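Could you walk me through this model in the viewer, one selection at a time? I would like to know what to pick next and what is there.

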There are 2 protein chains.
Amino acid sequence: MTFSTVHDLETPSVLIDLERMERNIAVMQARCDALGIAFRPHIKTHKIPDIARRQQEAGATGIACQKVSEAEVFADAGFNDIQLPYNIVGARKTRRLAALAKRVTVTVTVDSEAVVDGIAAAAREAGASIKMMVELVSLGARTGTTPEAALDLARRIVADEHLHFAGVMMYPSDAAARPRLQAALALLDEAGIAVEMVSGGGSGAISQAQLLPELTELRVGTCIFWDWNSVAAGYCRFDDCAMRVRATVISANEASRVILDSGSKAIHSETIDGQFGYLLEYANARLHKVNEEHGYVDFSAYDDLPAVGEIVHIIPVHTCVVTNLHNRIYGLRGEAVEAVWEVAARGLVW
Amino acid sequence: MTFSTVHDLETPSVLIDLERMERNIAVMQARCDALGIAFRPHIKTHKIPDIARRQQEAGATGIACQKVSEAEVFADAGFNDIQLPYNIVGARKTRRLAALAKRVTVTVTVDSEAVVDGIAAAAREAGASIKMMVELVSLGARTGTTPEAALDLARRIVADEHLHFAGVMMYPSDAAARPRLQAALALLDEAGIAVEMVSGGGSGAISQAQLLPELTELRVGTCIFWDWNSVAAGYCRFDDCAMRVRATVISANEASRVILDSGSKAIHSETIDGQFGYLLEYANARLHKVNEEHGYVDFSAYDDLPAVGEIVHIIPVHTCVVTNLHNRIYGLRGEAVEAVWEVAARGLVW
């Protein structure tokens, strides 16, 4: 299938405004350049090697993936510096990780002895060398550990000939988490353990990175497309949002009830203020409910409803989860379809 | 890759208990047989031709899909009676619909003149014959129209040589919606328009179908796997739930904080009572938050945390949206992997 213009695309389709994406790439790279740190794009937002390549051409250093299966896709596409800021647990996964580490430079993170031990065993079995960072727990209280436990893990890593201690990772690396980072770095320094890399991440961390001079790099995904979450958090404006979902009105039988052909399979189920997406053409309409293939829009703020067949565009609440729903997405320059991207690392949960 | 037992599968993986699935298929078919109506499985729950085939072998009549692209997959797999209880809008989609209608029996639903006109134009252009039902709006106030407008649409359909008026559709067809259905049928009867099919649907409608003797068939999807939504609504028990997501504990560093390798990419983002899934092994733990690759579980109800590496199983809140996230799912008989199914119609939003 060839698509010359946006009008050739069915709905729902995920459209990427290439000018905005290019501007977002340039802005983020310039931000990291100004800070004197590396930018490591997290590919979770796009999952597409060609887009990561554009980020690298703009100056990015390596990439970050969340799962081994995603990293394999990007290694196959020629990326050779891949970070997995994730606890890789389970004998089959660690074996795949070790195999990958023999092909490209792989850096993982850990937050417990159990995770270190599993990866170390696989590295030993494969004769691989794996770079390893310790993760400090941050504001989100997700994965990560304390500075004291991080020191113990670092000692364990340093002592293993198949592991290479690479430094410290935090997510999110907001300024409020700096005391913990400083405590960990002080302990490592006292112990004489060299720290090559201090990896921060998160959209909110971009604007605070100057407050953490310890950082050597930032990992961010969403900043390439942005989304309604990002606008709501003050990270960007709607004019910076590069992704929109093109949808069609399929029913409009009552004064306030408009149904779109885009539901949770097209725009996912995350919400802001009870809304599942922001309608560009009708900012006061409320996309208040979704089923898999239906978006329910309350049009009570308007006197006239859009007609069946009318096309509307939705800024998603969260771009990363939208990309993961679609087999391909489309890069547009104006109305011209300039890129048809297969979402190569879509649905890779291992 | 071959998977002999469940222990060969990575996590997260979607597991289907074949005994429960077979029992669910038999129970639903028996229910419809007892009512003397047809069962038309909605494939949205599994999206897999081999599973639909098992439903047909048990006695089901045709299938229902939501989108033309899904119907194409099932037509290619040999299904020749496909209903699309959905307003198909847009020239490219209606053209594909008309092409499909020349290969297999296709029945669509409509709720406005605009939808009828679009499909009629495509049918005429292709020289196809398309069966068409009118949709009555039901309790969910989604798509559908009034009995009076349905009559007007039926007249319009009857008058078109490329369309065949097939009857009336409702979703959900709960007993409370019967007066509207009766009103529409009375109007059609007065007008001398024959109604071949009265198609009801929805999980809740199963137990109320005897209260709507007008129904000739039931379309239901979820009843093949069931889910936490269904248990909460009283449609089934946890012991009937055939789908679970196999997950691994990847972090457990604090008394109440356990992190799983399964987040919104594995179990989706729908909730019941603020929870994203039901942990089979720890019924009092609360899976209270997800990121794409992380599930946050509050274990404060337990004295001992599961260890990193421990496998747990999650009953999803909503099975249909989970299937759509995964490239393949696994059918288990006890611990043996008996089926590896590609989710053939996954991610088809057109």
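Start with the largest nonpolar core, which has 232 residues. Select A:L97, A:I130, B:L97 and B:I130, the members that touch the most other members of that core. Keep in mind throughout that this is a predicted model.

Stay with A:L97 and show what surrounds it. Leaving out residues up to four places away in sequence, A:L97 touches A:V68, A:I88, A:V106, A:V108, A:I119, A:A122 and A:I130. In soluble globular proteins, nonpolar side chains tend to be buried together.

One of those contacts, A:V68, takes you to the next stop. Select helix 3 of chain A, residues 68-76. Which of its residues are buried? They are A:V68, A:E70, A:A71, A:E72, A:F74 and A:A75. To see what covers these buried residues, add helix 2 (49-57), strand 3 (63-64), strand 4 (81-84), helix 4 (91-101) and strand 5 (105-110) of chain A, which are included in the cover. Then look just past the end of helix 3 of chain A, where A:G78 has a positive phi of about 105 degrees.

**The sheet of chain A**

Switch to a cartoon view and colour the strands of chain A. Eight of them make an open sheet with parallel pairing, in the order 2-9-8-7-6-5-4-3. At its edges are strand 2 (38-41) and strand 3 of chain A, each paired on one side only.

Now zoom in on strand 7 (residues 163-170) and strand 8 (residues 197-201) of chain A, a parallel pair held over three bridges. Pick A:M169 here: its bridge partner in strand 8 of chain A is A:S199. Next, bring in helix 5 (residues 113-126) of chain A, which packs on the sheet and touches strand 5, strand 6 (130-136) and strand 7 of chain A. The direction of helix 5 of chain A makes about 155 degrees with that of strand 5 of chain A. Helix 1 of chain A lies across strand 2 and strand 9 (217-220) of chain A, and runs at about 145 degrees to strand 2 of chain A.

**Two domains in chain A**

Zoom out and colour chain A by domain. The domain assignment gives domain 1 as 19-225 and domain 2 as 238-342. Taken over C-alpha atoms, the centres of these two domains of chain A are 34 Å apart. How many residues are in contact across this boundary? On the domain 1 side of chain A there are 13, and they meet ten residues of domain 2 of chain A. Helix 1 (residues 18-35) of chain A gives the largest share of the domain 1 side, four residues. By class, that side of domain 1 of chain A has three nonpolar, five polar and five charged residues.

**Across to chain B**

Select the contact between the chains: 50 residues of chain B meet 50 residues of chain A. On the chain B side, helix 4 (91-101), helix 5, strand 10 (243-254), strand 11, helix 9 (264-267) and helix 10 (319-323) each give two or more residues. Strand 10 of chain B provides the largest share, four residues. The chain B side comprises 18 nonpolar, 19 polar and 13 charged residues.

Now hide chain A and look at the open sheet of chain B, where eight strands pair in parallel in the order 2-9-8-7-6-5-4-3. Strand 2 (38-41) and strand 3 (63-64) of chain B each have a single partner strand, so one side of each has no neighbour in the sheet. Inspect strand 5 (residues 105-110) and strand 6 (residues 130-136) of chain B, paired in the parallel sense over four bridges. Here B:V110 stands opposite B:V134.

Move to B:F165 in strand 7 of chain B. Is B:F165 buried or exposed? It counts as buried because it has 23 C-beta neighbours inside 10 Å, against a threshold of 20 or more. Among the residues that B:F165 touches are B:M132, B:A154 and B:I193. B:M132 is 33 residues away along the chain, yet its C-alpha atom is 5.1 Å from that of B:F165.

For the last stop, select strand 14 (residues 295-298) of chain B, which pairs with strand 11 (residues 257-260) of chain B in the antiparallel sense over four bridges. Strand 13 (residues 286-290) of chain B also pairs with strand 14 of chain B in the antiparallel sense, and a hairpin of four residues joins strand 13 to strand 14 of chain B. Finish on B:Y296, which has B:I259 opposite it and also B:K289.

Note on methods. Residues are numbered from 1 along each chain as its sequence is written. Chains are lettered from A and ligands numbered from 1 in the order in which they are written. This is a predicted model: local features need pLDDT of at least 70, side-chain atom pairs count only at pLDDT 80 or more; totals for chains, interfaces and linings use all residues. Domain bounds come from an automatic or database domain assignment. Two residues are in contact if their C-beta atoms, placed from the backbone, lie within 7 Å. Ala, Val, Leu, Ile, Met, Phe, Trp, Tyr, Cys and Pro count as nonpolar, Asp, Glu, Lys and Arg as charged, and the others, Gly among them, as polar. Two strands pair if DSSP finds at least two bridges between them. A nonpolar core is a set of buried Ala, Val, Leu, Ile, Met, Phe, Trp, Tyr and Cys residues joined through C-beta atoms within 7 Å. A residue is buried if 20 or more other C-beta atoms lie within 10 Å of its own, exposed if 12 or fewer, and partly exposed in between; C-beta atoms are placed from the backbone. Axes are lines fitted to C-alpha atoms, for helices over the stretch in contact, and angles run from 0 to 180 degrees between N-to-C directions.
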